Amino acid sequence: MNQALEKLLPLSFRNYVSNIRVYQYYKGYLSYRNQYKGKSKTIFVVGSPEHDNLGDHAITYAQMNFLRKAFPDYTLIEIVANRLMHNMRCLELYSTPDDIFVLQGGGNFGIEYFREEEVRRKIISEFPNNKIIVFPQTIYFGDTELGRAEFKKTQDLYGSHKDLTLVAREATSYEIMKAGFRNNDVLLTPDIVMSLDLTDPPKERKGALLCIRADKESIFSDQDKASIQNYSSKHFSQITTTDTCILRPVSLEDRDHELNTLWNQFKEAEIVITDRLHGMIFAAITSTPCIALGNYNYKVVGSYEWIKHLGYVKFTNDLNRIPELIEELRQIEHPRYNNEFSARHYNQIIQSMSDSLNEPSASSIVTA
């Protein structure tokens with residue numbers, strides 16, 4: 001079907017068409033598998049977004065890049081979160097116990113974005129004999145009656161799976177996971193987007209880029225946001241605003257275009273000021289000086305610990321420090337991202353998957 005025409009169709013019909021495509025793909029894949037007598041190797045990447053948050057899309061982009069490099073002999077099949085139920089029959093028919101499931105990383109391990117938790121629960125409950133790994137996540141259920149109840153459900157289900165690995169992306173989540181999921185392997189690595197290096201090709205930089213969130217995770221009042229704007233205006237003649245949430249759905253087909261458009265905004269800025277976790281990470285991987293501000297939980301400050309050695313990314317909870325940090329960052333000449341620091345941590349993921357897949361030849365270091 002023509003892609004332009006397809007975008008004009010109702011979402012329900014587009015999902016139906018997508019389901020047909022996935023089914024046809026699986027049928028073709030089954031023939032391939034039969035041809036090679038069941039020896040083909042598959043990694044299912046489950047939980048990809050089609051919503052408006054480009055931080056989550058960057059996670060999927062980085063996951064796929066990481067897995068292609070680490071496991072070049074494996075077929076990768078990506079399954080979007082909101083199409084999982086459409087595709088469950090295909091998974092039940094065509095997957096084997098030798099396949100591995102990679103569940104989307106991010107900041108949705110908890111009740112704030114519960115659909116993603118339901119996706120994880122579905123895969124973990126339906127595939128008890130498969131290796132499953134949850135890519136780097138922040139966990140946050142909250143200290144409420146609902147949060148405690150759902151955390152207990154998650155603990156019971158996850159703990160009953162015989163081969164489930166959880167990966168935390170900052171120290172606080174790691175400690176919560178280690179204490180709460182004693183029957184599962186728990187690893188600590190950076191957010192998978194830090195595996196990317198998007199510095200090249202460089203672009204001419206001008207002005208400040210403000211990437212301040214406007215959703216329920218924001219802790220800043222309108223007055224606070226005006227202060228950030230005023231501080232920036234005193235140092236830069238050009239101020240541009242952006243967000244990692246772009247207020248429109250992003251399809252798999254549009255993912256790369258939308259990400260590159262946003263990444264180019266970062267590469268064209270002299271400095272970024274952001275309270276978005278992936279605003280901070282995008283600045284890091286594009287070698288852009290950045291002031292990162294805290295949000296309502298520990299994911300920004302926790303992830304900052306991985307990259308504070310870079311020097312050109314600074315974290316603060318005090319808006320009054322913005323002017324001095326701007327002056328400090330403007331003194332840094334030619335900052336340059338180097339993702340080698342993250343490789344040894346990601347090797348834990350590769351080792352965990354390789355142990356399950358009996359794949360000693362998997363690449364031991366993945367950077368991109």
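## A serine after a helix

Which residue with a positive phi follows α10? That residue is Ser-287, and its phi is near 60 degrees. Keep in mind that the model is predicted, so angles like this one come from computed coordinates.

Ser-287 sits in the loop that runs between α10 and β11 (290-293). Its positive phi stands out because most residues other than glycine have a negative one. Is Ser-287 buried or exposed? Ser-287 has a relative accessible area of 3%, and anything under 20% counts as buried, so this serine is buried.

## How far to trust the model

Let's check the confidence before going on. The protein chain has a mean pLDDT of 88, with 85% of its residues at 70 or more. Two stretches fall below 50. One covers residues 1-21, where the pLDDT is below 50 and the model has 17 contacts beyond near neighbours in sequence. The other covers residues 35-39, also with a pLDDT below 50, and this stretch has one contact of that kind.

What should you do with such stretches? Where pLDDT is low, the predicted coordinates should not be read in detail.

## The helix α10 and a pocket

Back to α10, the helix just before our serine. How many of the residues of α10 are buried? Nine of its nine residues are, so the helix is mostly covered. Among them are Leu-277, His-278, Gly-279, Met-280 and Phe-282. The list also includes Ile-281, Ala-283, Ala-284 and Ile-285.

The helix also turns up in the wall of a pocket. The second largest pocket has a volume of about 430 Å³. It is lined by 27 residues, and those closest to its centre are Asn-53, Asp-56, Tyr-113, Cys-245 and Arg-276. Which elements give two or more residues to this lining? They are α3 (54-70), β4 (106-110) and α10 (277-285).

## Enclosed spaces

Strand β4 has a part in another empty space too. A search of the whole structure finds two cavities of 30 Å³ or more, and the largest cavity holds about 60 Å³ of space. Its lining is made up of 13 residues. Nearest the centre of the largest cavity lie Gly-107, Glu-112, Tyr-140, Tyr-296 and Asn-297.

Which strand gives the largest share of that lining? It is β4, with four residues. Strand β5 (131-140) also supplies at least two residues of the lining.

## Rings that meet

Now for the aromatic side chains. The model has 17 aromatic pairs. Take Phe-71 and Tyr-74, whose rings are 5.7 Å apart centre to centre, with 80 degrees between the planes. That pair is edge-to-face, because its angle is over 60 degrees. Both partners are tucked away: Phe-71 is buried at 2% relative accessibility, and Tyr-74 is buried at 9%.

Compare that with Tyr-304 and Phe-315. Their ring centres are 5.8 Å apart and their planes lie at 35 degrees, so this pair is tilted. The pair links distant parts of the chain, with Tyr-304 in helix α11 (residues 299-307) and Phe-315 in strand β12 (residues 313-316), eleven residues apart. Tyr-304 counts as buried at 12% relative accessibility, and Phe-315 is buried as well, at 15%.

Some rings join up into a group. Phe-109, Phe-141, Phe-151, Tyr-158 and Phe-181 are linked by ring pairs into a cluster. One of these rings has a charge for company: the charged end of Arg-120 sits over the ring of Phe-109, 5.0 Å from its centre.

## Other backbone oddities

Where else does the backbone do something unusual? Most peptide bonds are trans. The bond from Asp-200 to Pro-201, however, is cis, with omega near -5 degrees. Pro-201 lies in the loop between β7 (185-188) and β8 (208-211).

Ser-287 also has a counterpart with a positive phi. His-334 is a residue other than glycine with a phi near 55 degrees, and its place is in the loop between α12 (322-330) and α13 (340-357). Is His-334 buried or exposed? With a relative accessible area of 73%, His-334 is exposed, whereas Ser-287, at 3%, is buried.

Terms used:
Residues numbered from 1 in each chain as written. Heavy atoms only, no water. pLDDT = per-residue confidence, 0-100. Contact = heavy atoms within 4.5 Å. Phe/Tyr/Trp six-rings, centres within 6.5 Å; stacked < 30°, edge-to-face > 60°. Buried < 20%, exposed > 50% of the residue type's maximum accessible area, 1.4 Å probe, protein only. Lys NZ or Arg CZ within 6 Å of the ring centre and 35° of its normal. 1 Å grid on protein atoms, 1.4 Å probe; cavity = no way out; pocket = protein on both sides within 12 Å on 5 of 7 lines; lining within 4 Å. Points joined across faces, edges and corners; volume = space filled by probe spheres on them.
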